[in-house]
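Subject: Structure handover

Hello,

Here is the structure I said I would pass on. Please look through it before reading the notes underneath.

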Amino acid sequence: MKQKRAVNMKVSTGTADEFFERSLERARKIDRGEKLITKITLTFEDSAETMQLLSTNKIRIIKCLRKNTIKISELATIHNRNPKADSRDVKLLESFRLVNTNDTPNPGHGKMKVVETLAAKYQLVATI
């Protein structure tokens with residue numbers, strides 16, 4: 001199992017102007033020679049999109065993965081859900097770089113797909 005990166009991730013709503021202001025502030029810190037904190041911010045302009053990405057089931061998946069790397073096939077058992085539904089949720093979370101999947105050897109049975117978080121801490125902010 002890989003060790004989780006010491007990264008904080010924030011998922012929220014915001015405007016393009018707020019994005020550019022954050023980027024400008026980071027550039028100013030770099031110019032001053034200040035050390036930057038490793039932080040990833042995923043911002044949606046529409047709060048409905050944010051809520052769709054952060055449904056109850058997707059948040060359960062992230063919480064479960066914060067403890068360990070888990071096989072996709074085990075997620076459905078843990079959450080008592082259809083395996084295809086969990087697989088779709090994992091693919092969506094992976095498309096936004098909130099989780100990562102890897103193929104790992106499954107002794108005597110080929111390969112298995114495991115899921116892991118990409119951040120040590122997730123901050124979920126919904127503003128309506």
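The notes below cover the overall layout, then charged side chains, then aromatic pairs.

Please keep in mind that this is a predicted model.

Overall layout

The protein contains five helices and six strands. Read from the N terminus, the order of elements is β-α-β-α-α-β-α-α-β-β-β. The C-alpha trace spans about 55 × 35 × 20 Å along its principal axes. Of the 128 residues in the protein, 30% are buried.

Salt bridges

Searching the whole structure gives nine salt bridges. Several residues belong to a network: Glu-21, Glu-25, Arg-28, Arg-32 and Glu-34 are linked by salt bridges. Within that group, Arg-32 pairs with Glu-25, where the closest N and O atoms are 3.4 Å apart. Arg-32 also forms a salt bridge with Glu-34, with an N to O distance of 2.5 Å.

How accessible are these three residues? Glu-25 has a relative accessible area of 29%, so it counts as partly exposed. Arg-32 is partly exposed as well, at 49% relative accessibility. That value stays in the partly exposed class because exposed means over 50%. Glu-34, at 37% relative accessibility, is also partly exposed.

A salt bridge in another setting joins Arg-81 and Asp-89, with 2.8 Å from N to O. Are these two residues buried or exposed? Both Arg-81 and Asp-89 are buried.

Positive patch

Arg-22, Arg-26, Lys-29, Lys-39 and Lys-121 form a positive patch on the surface. Which element supplies the largest share of the positive patch? Helix α1, residues 16-31, does so with three residues. Arg-26 is located in helix α1, and its relative accessibility of 38% makes it partly exposed.

Aromatic pairs

How many aromatic pairs does a search of the whole structure find? The search returns two. In the pair of Phe-19 and Phe-20, the ring centres are 5.1 Å apart and the planes stand at 70 degrees, so this pair is edge-to-face. The angle decides the class here, because planes over 60 degrees apart count as edge-to-face. Phe-19 is partly exposed, with a relative accessible area of 43%, whereas Phe-20 is exposed at 53% relative accessibility.

The other pair consists of Phe-44 and Phe-96, with ring centres 5.5 Å apart and planes at 55 degrees, so it is classed as tilted. Phe-44 sits in strand β2 (residues 39-44), while Phe-96 is in the loop between α5 (83-95) and β4 (99-105). The pair therefore ties together parts that are 52 residues apart in sequence. Phe-44 counts as buried at 8% relative accessibility, and Phe-96 counts as partly exposed at 30%.

To go through the charged side chains in the model, you could start from Arg-32, which has salt bridges to Glu-25 and Glu-34. For the aromatic side chains, the corresponding place to start is the tilted pair of Phe-44 and Phe-96.

Regards

Conventions. Residues numbered from 1 in each chain as written. Predicted model: local features only at pLDDT ≥ 70, side-chain atom pairs only at ≥ 80, totals over all residues. Heavy atoms only, no water. Salt bridge = Lys/Arg side-chain N within 4 Å of Asp/Glu carboxyl O. Buried < 20%, exposed > 50% of the residue type's maximum accessible area, 1.4 Å probe, protein only. Patch = residues over 30% accessible without salt bridge, like charges linked within 9 Å, V, L, I, M, F, W, Y side chains within 5 Å. Areas by Shrake-Rupley, 256 points an atom, 1.4 Å probe, with all protein chains shown as cover. Lys, Arg positive; Asp, Glu negative; His and termini not counted. Charge placed at Lys NZ, Arg CZ, Asp CG, Glu CD. Helix = DSSP H or I, 4+ residues; strand = E, 2+ residues; numbered from the N terminus. Phe/Tyr/Trp six-rings, centres within 6.5 Å; stacked < 30°, edge-to-face > 60°.
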